[in-house]
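Me: I would like to learn how to read a protein model, one feature at a time. Could you walk me through one?

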Amino acid sequence: MKVIFDCDNTFGIEGCDVDDGLALLYLLGSEEVDLLGITTTFGNNRTDTVYDNTLKSLSVGGKRIDIVKGINEAEIGINPNVDGDLIRLVFPELNEERRK
């Protein structure tokens, strides 16, 4: 089965969920899955943290799989930030140029 896995992998990061990290380990270990790529997204932590953690997970697994970072790569100026139980989204000011 061919799979592109979208995750917020925070496996091993204190205070964060492990579900996507465990799913990634399963996909990497499954002989029935052809993991074509991974996209990382904001969820359990900042997109940069999730992306770096996923890279680290793959370095342990020894497989070469393309990873694409989520919202930071969208070039829309929004970078979610987790502060405890609070999620902050700072939106850029709407102006004429951004409306195009």
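Reply: Happily; we will go through strands, a helix, the core, salt bridges and one loop residue. First, the ground rules: this is a predicted model, in which local features need pLDDT of at least 70 and side-chain atom pairs count only at pLDDT 80 or more, while totals for chains, interfaces and linings use all residues. Residues are numbered from 1 along each chain as its sequence is written, and side-chain values use heavy atoms, with hydrogens and water left out.

Me: Let us begin with the strands. In which sense do β1 and β2 pair, and over how many bridges?

Reply: Helices (H or I, at least four residues) and strands (E, at least two) are DSSP runs, numbered from the N terminus. Two strands pair if DSSP finds at least two bridges between them. Here β1 and β2 run parallel over six bridges, and β2 and β3 are parallel over four bridges. You can follow the partners: V3 is bridged to L35 in β2, and F5 has I38 as its partner in β2. I38 in turn stands opposite I67 in β3.

Me: What kind of unit do β1, α1 and β2 make?

Reply: A crossover is called right-handed if, with the strands pointing away from the viewer, the path from the first strand over the helix to the second runs clockwise. In this model β1, α1 and β2 form a right-handed β-α-β unit.

Me: Which side chains along β1 are buried, and which are not?

Reply: Buried means under 20% relative accessible area, exposed means over 50%, and partly exposed lies in between (1.4 Å probe, protein chains only). In β1 the side chains alternate: V3, F5 and C7 point to one face and are buried, whereas K2, I4 and D6 point to the other and are not.

Me: Now the helix. Why do the buried residues of α1 count as being on the same side?

Reply: An α-helix has 3.6 residues a turn, so residues three or four places apart point the same way. In α1 the buried residues are D20, G21, L24, L27 and L28. They cover an arc of only 120° around the axis, which puts them on the same side of α1; the arc is that of the directions from the helix axis to the C-beta atoms. The face turned away from this buried side carries Y26 and G29, which are exposed.

Me: How many residues does the largest nonpolar core have, and which have the most contacts inside it?

Reply: A nonpolar core is a set of buried Ala, Val, Leu, Ile, Met, Phe, Trp, Tyr and Cys residues joined through side-chain atoms within 4.5 Å. The largest one here has 13 residues, and F5, L35 and I38 have the most contacts inside it. At least two core residues come from each of β1 (2-7), α1 (19-29), β2 (34-40) and α2 (47-61). Take L35 as a case, with contact meaning heavy atoms within 4.5 Å: leaving aside neighbours within four places in sequence, L35 is in contact with V3, F5, L24, L27, L28 and I65.

Me: And the charged side chains: how many salt bridges are there?

Reply: A salt bridge is a side-chain nitrogen of Lys or Arg within 4 Å of a carboxyl oxygen of Asp or Glu, and by this rule there are four. One of them joins D34 and K2, with the closest N and O atoms 3.3 Å apart. It links distant parts of the chain, since D34 is in strand β2 and K2 in strand β1, 32 residues apart. D34 is partly exposed at 36% relative accessibility, while K2 is exposed at 62%.

Another pairs D48 with K69 at 3.1 Å, N to O. This pair also links distant parts of the chain: D48 sits in helix α2 and K69 in strand β3 (residues 66-69), 21 residues apart. D48 and K69 are joined with R46 in a network of salt bridges. D66 and R64 form one too, their closest N and O atoms being 3.4 Å apart.

Me: To finish, where is T41, and which residues does T41 touch?

Reply: T41 is in the loop between β2 and α2, and its relative accessible area of 27% makes it partly exposed. Not counting residues up to four places away in sequence, T41 touches D6, C7, D8, T47 and V50. T41 and N9 are 32 residues apart in sequence, with 8.5 Å between their C-alpha atoms.
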